[in-house]
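Me: I have a structure open and want to learn how to read its sheets and cores. Can you take me through them?

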Amino acid sequence: ALYVLSPGFVESSCRSRIFWMKLNKLLLQGKFFQLEIYDPYSGPVLLDEKLASRCGYVLSEDVWGNPVFRASVLGCHVANEADELFSLTVNIKVSSFSSMRAAVTYTYPMYCSYPSWASREIVCEENYMEVSVKTDVPAVSNDYTVAWMSALPETQNVTYQQWQLMFVSPSGRKRITVSEAVKLGYSFNNTLSRVYLRAPYHSNESDVSMVSGVNMNMVTSTSMYRQRWLLLLIDTTVSCPVDGISFTNTALTWTVPSIIPTLVVQESTFLSKNIALGVDDQVIVNPKEKNYLLEHNETHIRITIPIGAEGGKLESSISGGVYGVIYSIDLFLEHTWTDAGWQTTKYTVIKSITTPFMPQIPTVINNTVPEERLFNVAFGHFLPDVSLVAIAIGNVPFTLREAQHHGFKIYETPFSNRTKGFILEVSFDDPYVLKEYVNRNETKYTLLVNYTLSVGLEMTLYYHSAEVECVVADIELPEAVGYCDDENLYLSLPTFGLHQYWDLYLGNKLLNRRVALTNGYLAATNSTHLILQIPLFAGGVIYEEVSIQKIKARFDVALKKVRTTETLQVFSISCSFNSSAFISKLCNRSINKKMRDSFLELTTSSLTFSVCHPDGTVTVSAQMKTVPAIDMSKTKLRDSSCKPREYNEAHAFFKFHVTTCGTSVRFEGDHIIYENEISYEKETLPGESIPTITRDPDYRLTVLCYYQAKETLVLGAFASDPATSPSFGSGTMVPHSNTAAYRRARQALNVVSRVPKDESFMEFYEPNMAILKRPMEPVFLEVELKDESPSVELYLENCWVTRSPDFNSTPRWNIIVDGQVVLNVQCTH
């Protein structure tokens, strides 16, 4: 059954002596179709690939995917009326099944009027080359013609009244009949006034040569026909370009030679008459209007088309998971020239050009305005054949409908270059946005988004991940307020952000509940603030200034970032207190004692306060009340030259370094202990005989400073580690009384001491030789008594190390005190 075609289903035209027919893919509606060539004498002939190239047919698609059929007016089954009017009928069979059963057949006749032929016309189609030559025999001239039969020996054997073809190729000459040529894929025939040859590309009889940088496929042939009175020789050579296409990121270039030597025998007579460029089946009258560039010179014709230019199709594609574009355009070129050998030649090349895959990495444009607290992210650029189908925020997937319902805004936006993008808006406060505290008072908001897009007609899924950050100064650093009363220091801090962004540190320790309780702090929290109460005598209190008049105390708390422990701010509260009142309170709580002097039976009491500073400086404020009263200006340290810096009737203020004033040092566990003593120089009354009578009480006050050995910057003879920050020392004072006793003058004894190199006591260091020892490295000491008197025995009561041989030099480090080893020393005696 035959059916009438729907309007718009088929479009046809006649251009360059070619039938053009295009089917509308939308009206095919995804159905299957076949084409038949209808011959009025033999009936329908199914169009297949082998038949197409031999008969002058092309079946392909245009850049938009519409089926396209082209046929030469000299093709098979074309009705020819006097080489001027041509007709071809095509049956279009449409079926819903690939087997084409139950197909509907539409008959479509096409007509082409082509009265003006050039002497030679060449068509370079996608799958064949065709040349047609005018066969008009001119009138006989009066010129005498020599016997040319002997000059062309190949013509001697031409069969009478039968067309034959002679091919010339690098492999030699080949003469075959028309029927033999058909078997080789050629098509040869003649019309009323023309002879034509249709040849496939890259046949055995063809050759490839380069002309002006373009490879040309050439078939050199002569068509021959002989009668008794006539020998007709026609040059049916044809040559077509097989490449000449080049690409850049922005344009494609098509190059065709201007002069093809095998087609122009006398190049000196060559004259280019007209060059026309066409897209699909339409000639472009003014190529510049479409941004096409058409150039030509003596060697080549060059056409440059911008990627994405009108007339072609730019489509999206995915290759190896990468997004990119492909540009396709269907071009044809008509070049008409004249030369002495051929008069007029019309040369037509039809070329369908597709660029290679061109990667186009999508861009993520952050248009976020921090003040709006809203991410605004543009994702592009994409062609119209790309659509967004899903997103994932923070690895949580959403369909577009779910995303809109959640509160995300998603919409398309056009760009100036005929592309589009996708806008995504997400609030900073959305739970799927990552938030991180950075710097001093800033929050970094991070939007992690994964896009899922459908690309091209194949709807291939494409995935792209993006990360967008925005840092906003939206956190207010806390400001602390400090104040004091008679007994405490107070520090009040806002609780917002504490333990979320920041922690409080006391020195290098996190100020938590355990540390607070250990140091005697009280902490109270309300809805907005944390209040720390630090007693005057609590650990961590720093005493900046100690004198007879006042004591200046300071308490520091560091505000540090939770993760990095970077110090952002140090909150300090500093207050001054009356020395007497402060020391009284301190002693009432801890060390106030009444002492009795067993010798004079005089009552003494002492209110003292000492500070051991990290640099080794010791400050001592002592209030001594004795009966009778003593002169505070005459108090001293072990080194009698170390007198009070300040004093009055009841107070003495000392300040010295642990390496001076006779200070001794010893180790206990992981502590280094520096010790000195405050004493009073007695005034003796004149007497005639021993015992001596004094008017003053015997009084000694011991000062101790404890330092962590592994954290302390040890001075003097011990090595120091400058990379280790010293901690604050802790000082105590232990007052005690000693009975004055008669001390006899020292008696010189023959005692020799040596330092062995190791515990074997076999090798000794030379006398007066400096000995270098690392901290905690054992030292071995040998002391020998040379006195042979049986009434003398050796007992090491006090032994110490100094920097010089002087018996009274300072500083000194105790080795043995009261017969007990206090340093890591092994002794023999």
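Reply: We take the sheets, then the cores. Keep in mind that this is a predicted model.

Me: How do strands of a sheet pair?

Reply: Strands of a sheet pair through backbone hydrogen bonds, in a parallel or an antiparallel way. Here, four strands make an open sheet, ordered β21-β22-β26-β25, and their pairing is antiparallel.

Me: Which are the edge strands of this sheet?

Reply: β21 (245–247) and β25 (293–296) are the edge strands; each pairs on one side only. Ignoring direction, neighbouring strands in this sheet are turned by 15° against each other on average.

Me: How many bridges join β25 to β26?

Reply: Four bridges join β25 to β26 (residues 300–306), and the two run antiparallel. Look at Leu 294: its bridge partner in β26 is Ile 303.

Me: Where can I practise on another open sheet?

Reply: Try the open sheet with the order β40-β41-β45-β44, four strands with antiparallel pairing. Its edge strands are β40 (481–484) and β44 (522–525), each pairing on one side only. From one strand to the next, the twist averages 15°. β40 pairs with β41 (residues 488–494) over four bridges, in the antiparallel sense. Find Gly 482; its bridge partner in β41 is Leu 491.

Me: Now the cores. Which residues touch the most other members of the largest nonpolar core?

Reply: Trp 254, Tyr 292, Ile 305, Ile 329, Leu 331 and Tyr 347 do, out of 50 residues in that core. Strand β28 (residues 322–339) gives the most to this core: five residues. Another core lies apart from it, with 37 residues, including Ile 475, Leu 493, Tyr 521 and Phe 571.

Notes: Residues numbered from 1 in each chain as written. Predicted model: local features only at pLDDT ≥ 70, side-chain atom pairs only at ≥ 80, totals over all residues. Heavy atoms only, no water. Core = buried A, V, L, I, M, F, W, Y, C linked by side-chain atoms within 4.5 Å. Buried < 20%, exposed > 50% of the residue type's maximum accessible area, 1.4 Å probe, protein only. Pairing = 2+ DSSP bridges. Axes fitted to C-alpha atoms, helices over the stretch in contact; angles between N-to-C directions.
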